[in-house]
Amino acid sequence: MFDRLSSLVIALTMIVIAAIFAALTGGDAVAIAIMTIAGFVAAVTVYRALPAALPDRSSTIPPHAETAPASLLRHPDFAHWVDQEKEPLLGTADNIVTIANDAAIRLLGRHIVGADVRTAIRHPGATDWLSRIQDNTPLEPVNLIDFPRPGQRWTMRIAELSGSEYIIFLSDRSAIDAADRMRSDFVANASHELRTPLAAILGYVETLQEMNGETDAPTRDRFLAIIEREARRMQQLVIDLLSISRVEADRFRRPTATVDLAAIMRTTIAQLSDSEPARAKDLTAKLGDGAQPMLGDEAQLSQMAHNIISNAMKYGHAGTPVTVELAREGRRVRLSVSDQGDGIAPDHLPRLTERFYRVDEARSRSVGGTGLGLAIVKHIGERHQGQLDIDSEVGKGTRVSVTFPLLMDN
């Protein structure tokens with residue numbers, strides 16, 4: 001295809017050739033003129049009929065149009081990615097929320113799309129942080145304390161796009177903060193529980209050393225008995241700390257060995273009867289004659305039973321029965337231990353499985369409790385897919401029960 005200039009040159013060339021041909025053939029002037037006019041008309045017609053040449057795009061596109069990128073927030077692939085994100089995510093243009101994923105809508109409400117982002121995220125720290133977006137200053141992640149509810153903490157960070165578009169990410173840090181607090185409380189409580197008996201041991205040892213053998217035998221024996229009691233208490237605390245650490249390490253590994261819960265309970269009751277002769281006659285076992293097979297860790301189940309029964313023996317009134325019972329409930333078996341003690345007020349029940357939590361701290365320490373027994377029971381029960389229930393009535397006693405799935409024959 002020729003352009004317009006080429007077509008005109010070709011037409012003029014043809015006219016000149018036609019004129020020369022007319023002259024050579026002896027044509028008169030009128031014929032030559034008519035031929036010339038016809039040639040010009042043909043050239044003009046050809047010129048108009050040919051399409052115009054494509055313009056040079058490099059010379060017609062404005063400079064800013066070459067560098068202006070497409071909006072990422074309006075790209076369909078971006079919208080698809082946003083919907084797959086589990087944490088809240090917002091896209092803003094000129095401080096207006098243009099896109100929000102499902103997590104953001106659940107957190108902030110559906111009304112945030114189309115609203116000013118500074119009002120969509122209702123928190124003073126967020127408002128101040130977002131108001132400085134246009135200052136071209138680096139924006140570090142910000143903590144939103146008590147957002148969206150008291151006791152929770154979220155972090156907010158931003159990614160800058162082209163123009164005035166931004167992506168805002170929200171991350172829930174509440175669970176991490178709770179775990180950090182639990183870890184700090186655990187270390188503080190463990191240090192306190194170890195420091196108390198250690199201080200007593202050191203105090204009585206120093207007293208004995210200062211007496212240089214001048215003390216009488218009864219006083220020396222009383223001091224040594226206190227030292228022994230506090231040392232055993234500290235030893236038991238270390239044992240419980242190691243136990244809860246091992247149980248937590250194993251909590252995601254389901255037991256694979258087949259054990260008989262009834263046999264474990266008989267062995268545990270026999271051991272406690274030997275170690276607690278004062279209350280051995282108060283133990284009443286209702287375990288039945290049959291086996292109670294289940295998948296479990298024998299050592300951990302024995303420790304769990306030991307903790308529950310020994311608690312009932314410590315806090316139940318002397319001379320009253322401590323009843324240990326196994327009962328089938330469909331495809332599960334319930335282990336329950338009941339005592340007749342002072343009972344526990346309802347407001348304490350939800351916290352009984354917390355580490356180092358005691359209803360009566362002075363009494364717990366006087367009977368040798370470490371505050372970890374029920375926490376260990378809870379973790380062992382969870383590893384064995386058990387359900388822990390604690391029922392108590394003030395003045396009448398407490399019943400602790402755990403139900404486990406049985407290993408049934410197909």
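In this predicted model, Thr320 sits in the loop that links α12 (298-315) to β9 (322-329). Is Thr320 buried or exposed? Its relative accessibility comes out at 16%, and because the cut-off for buried is under 20%, Thr320 counts as buried. The side chain of Thr320 also has a partner close by in the chain: it reaches the backbone oxygen of His317 at 2.4 Å. Leaving aside residues up to four places away in sequence, Thr320 touches Arg279, Asp282 and Gln340.

Next comes a pair of strands. Strand β1 (residues 89-93) and strand β2 (residues 96-100) run antiparallel, and four bridges hook them together. One can be picked out by name: Thr92 has Val97 in β2 as its bridge partner. The two strands form a hairpin with two residues between them, and here Asp94 takes a positive phi, near 55°.

Then there is the empty space. Rolling a probe the size of a water molecule over the atoms shows where such space is left. The second largest pocket has a volume of about 410 Å³. It is lined by 16 residues, and those closest to its centre are Met182, Phe186, Thr353, Glu354 and Arg355. Which elements give two or more residues to this lining? They are α9 (174-211) and α14 (373-383). The largest share, six residues, comes from α9. Sorted by class, the lining of the second largest pocket is made up of eight charged, five nonpolar and three polar residues.

Key:
Residues are numbered from 1 along each chain as its sequence is written. This is a predicted model: local features need pLDDT of at least 70, side-chain atom pairs count only at pLDDT 80 or more; totals for chains, interfaces and linings use all residues. Side-chain values use heavy atoms; hydrogens and water are left out. On a 1 Å grid over the protein atoms alone, a cavity is a set of points where a 1.4 Å probe fits but cannot get out, and a pocket is an open set with protein on both sides within 12 Å along at least five of seven lines; lining residues have an atom within 4 Å of a point. Grid points are joined across faces, edges and corners, and a volume is the space filled by probe spheres set on the points. Ala, Val, Leu, Ile, Met, Phe, Trp, Tyr, Cys and Pro count as nonpolar, Asp, Glu, Lys and Arg as charged, and the others, Gly among them, as polar. Buried means under 20% relative accessible area, exposed over 50%, partly exposed in between (1.4 Å probe, protein chains only). A polar contact is a pair of N or O atoms within 3.5 Å; within protein, one must be able to donate a hydrogen and the other to accept it, and residues adjacent in sequence count only if both atoms are side-chain atoms. Contact means heavy atoms within 4.5 Å. Two strands pair if DSSP finds at least two bridges between them.
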